[in-house]
Amino acid sequence: MKLQLIDGWHRAWKLASVWVFGLVTVFPDIYDAIAAMGWMDELPEPAKWSIRGLGALGVVARVLKSRKKPPC
């Protein structure tokens, strides 16, 4: 499987999915800011890193595209 950049990759920040994954990536920090105000308990570290990792992988996956297999 060969990976290639999507067409217009340098404009990827305009894609809604990239914004969604970006928000998912910073969610743990937003959550901690709310927790620091005393509104809720702190999110556990493993959960924060899992959310950040999934968000970052989502952005990378969105910017890269895989070669589609020809129909059989």
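This section describes selected residues of helix 1 and helix 2 and the contacts they make in a predicted model.

Application of the salt-bridge criterion to the model gave a count of 1. The bridge is formed by Asp29 and Arg52, whose closest N and O atoms are separated by 2.6 Å. Because Asp29 belongs to helix 1 and Arg52 to helix 2, the pair ties together parts of the chain that lie 23 residues apart in sequence. The two partners differ in their exposure class: Asp29 is partly exposed, at 41% relative accessibility, whereas Arg52 is buried, with a relative accessible area of 18%. The value for Arg52 falls under the 20% limit, and the residue is therefore classed as buried. For Asp29, 41% lies between the limits of 20% and 50%, so the residue is assigned to the partly exposed class.

The surroundings of Arg52 were examined further. Arg52 is placed in helix 2, which comprises residues 45-63. With residues up to four places away in sequence left out of account, Arg52 touches Thr25, Pro28 and Asp29. The side chains of Arg52 and Asp29 are also joined by a polar contact of 2.6 Å. Asp29 thus appears both among the residues touched by Arg52 and as the partner of Arg52 in the salt bridge.

Helix 1, which spans residues 16-36, also contains Ile30. Ile30 has a relative accessible area of 43% and is partly exposed. Since this value is over 20% but not over 50%, Ile30 is counted neither as buried nor as exposed. Together with Leu23 and Val26, Ile30 forms a nonpolar patch on the surface. The combined accessible area of these three residues is about 260 Å².

A further set of contacts involves Val63, a residue of helix 2. Val63 counts as buried, at 17% relative accessibility; this value is under the 20% limit, which accounts for the assignment. Excluding residues up to four places away in sequence, Val63 touches Gln4, Leu5, Ile6, Trp9 and Ala12. The position of Val63 was also compared with that of Ser17. These residues are 46 places apart in sequence, and the distance between their C-alpha atoms is 9.9 Å.

In summary, Arg52 and Val63 are both buried residues, with values of 18% and 17%, respectively. Arg52 is joined to Asp29 of helix 1 by the salt bridge, while the residues touched by Val63 include Trp9 and Ala12.

How values were computed: Residues numbered from 1 in each chain as written. Predicted model: local features only at pLDDT ≥ 70, side-chain atom pairs only at ≥ 80, totals over all residues. Heavy atoms only, no water. Helix = DSSP H or I, 4+ residues; strand = E, 2+ residues; numbered from the N terminus. Buried < 20%, exposed > 50% of the residue type's maximum accessible area, 1.4 Å probe, protein only. Polar contact = N/O pair within 3.5 Å; in protein donor to acceptor, adjacent residues only side chain to side chain. Contact = heavy atoms within 4.5 Å. Patch = residues over 30% accessible without salt bridge, like charges linked within 9 Å, V, L, I, M, F, W, Y side chains within 5 Å. Areas by Shrake-Rupley, 256 points an atom, 1.4 Å probe, with all protein chains shown as cover. Salt bridge = Lys/Arg side-chain N within 4 Å of Asp/Glu carboxyl O.
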